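Visitor: I would like to go through this model with you step by step, from one helix pair to the whole chain and then to single residues. Could you take my questions in that order?

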Amino acid sequence: MTMGDETPVTSLMLPILIRPILSQLERRDVSASQTLRSALSKAEAAHPGLTYDFVIGIMRRAEITVNMNEGILRLQGAISDSDIEYRLNRSEDAFQELNKKSASLKRILSRIPDEITDRKTFLETIKEIASAIKKLLDAVNEVNGFIPGPAGKQALEQRKREFVKYSKRFSNTLKEYFKEGQANSVFVSALYLIHQTNMIIATVKHKCE
């Protein structure tokens, strides 16, 4: 079993690392960028984790060693506002608010690698994360009124429950970190929260757009 099988980094490799690179390529060659984007998205959907294995394979050949959890978490901060894949297009306030709150939470989480070693700063960041989680859940509740049909509402409710579960897990991981000092487990837990945030947006998109 690879590290990717156990962590959310496998599902975040494509949106956080590869898609921004393809967006840069798009400025020079739209056709090539769109072809690659479509091919990689289809391949990832058919074989989840393929992008992760591809990137890890390149890194091994180049003998590059990086903490991928930390790296992907840092990169999230650079793309929070340009991540069109996980942004809602509906113009109503409730949808725009959910866009803002999800981007805000992901941006705060992406600061963890820089701030985790400074206890005072990190404790302030933890408070910010708790507040951002609450605001995101409030925004999800507002959007729920726009979801058509009971099945759609149920799907979003299920996503919300999953998000809450991983929020609690994140909180427990922080308690363990202050006892044990294992930063990597905090990075992994933060990536799970980012993934769950993306899944909420994807579910709303699927049911409403």
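Visitor: Which handedness does the crossing of α2 and α10 have?
Guide: This is a predicted model, and in it the axes of helix α2 (residues 9-26) and helix α10 (residues 183-208) come within 10 Å and cross at roughly 65°. As for the sense of that crossing, α2 and α10 meet in a way that is left-handed.

Visitor: Which residues of α10 are met by V9, S11 and L12 in α2, and how many of the residues in the contact are charged?
Guide: On the α10 side, the partners of V9, S11 and L12 are L191, I194, H195 and N198. Sorted by character, the residues of this contact of α2 with α10 comprise four nonpolar and three polar ones, and the number of charged ones is zero, that is, no charged.

Visitor: How many helices and how many strands are there in the protein chain?
Guide: Read from the N terminus on, the elements of the protein chain run α-α-α-α-α-α-α-α-α-α. The count for the protein chain is accordingly given as zero strands and 10 helices.

Visitor: What radius of gyration does the protein chain have, and what would a compact globule with 209 residues have?
Guide: The C-alpha atoms of the protein chain fill a box of roughly 50 × 50 × 30 Å along the principal axes. A compact globule with 209 residues would have a radius of gyration near 17 Å, and the value for the protein chain agrees with this, because it is 17 Å.

Visitor: What percentage of the contacts with a separation of 6 or more join residues 24 or more positions apart, and what percentage of the residues count as buried?
Guide: Among contacts in the protein chain with a separation of 6 or more, those between residues 24 or more positions apart account for 73%. The protein chain exposes about 11400 Å², of which carbon and sulfur atoms supply 53%. Of the 209 residues, the part that counts as buried is 43%.

Visitor: Is Q196 buried or exposed?
Guide: Q196 has its place in helix α10, and, with neighbours within four places in sequence left aside, Q196 is in contact with R159, E162, F163 and Y166. Its relative accessibility is 5%, which is under the 20% limit, so Q196 counts as buried.

Visitor: Which residues does A155 touch, not counting those up to four places away in sequence?
Guide: A155 belongs to helix α9 (residues 149-180), and its relative accessible area of 25% means that A155 is partly exposed. The C-alpha atoms of A155 and P8, which are 147 residues apart along the chain, are separated by 21 Å. The residues that A155 touches, once those up to four places away in sequence are not counted, are T203 and K207.

Visitor: Why does T125 count as buried, and at what relative accessibility does E128 count as partly exposed?
Guide: T125 is found in helix α8, and E128 lies in helix α8 (residues 119-144). Not counting residues up to four places away in sequence, T125 touches I108, R111 and E115, while E128 touches I108 and R111. T125 counts as buried because its relative accessibility is 1%, under the limit of 20%. E128 counts as partly exposed, and its relative accessibility is 34%.

Visitor: What distance separates the C-alpha atoms of E128 and I200?
Guide: Along the chain, E128 and I200 are 72 residues apart. In space, the separation of their C-alpha atoms is 20 Å.

Terms used. Residues are numbered from 1 along each chain as its sequence is written. This is a predicted model: local features need pLDDT of at least 70, side-chain atom pairs count only at pLDDT 80 or more; totals for chains, interfaces and linings use all residues. Side-chain values use heavy atoms; hydrogens and water are left out. Axes are lines fitted to C-alpha atoms, for helices over the stretch in contact, and angles run from 0 to 180 degrees between N-to-C directions. Helices (H or I, at least four residues) and strands (E, at least two) are DSSP runs, numbered from the N terminus. A crossing is left-handed if the near helix is turned anticlockwise from the far one by less than a right angle, and right-handed if clockwise. Contact means heavy atoms within 4.5 Å. Ala, Val, Leu, Ile, Met, Phe, Trp, Tyr, Cys and Pro count as nonpolar, Asp, Glu, Lys and Arg as charged, and the others, Gly among them, as polar. The radius of gyration is taken over C-alpha atoms; the globule rule is 2.2 Å times the number of residues to the power 0.38. Buried means under 20% relative accessible area, exposed over 50%, partly exposed in between (1.4 Å probe, protein chains only). Accessible areas come from the Shrake-Rupley method with a 1.4 Å probe; for residues, only the protein chains shown count as cover.
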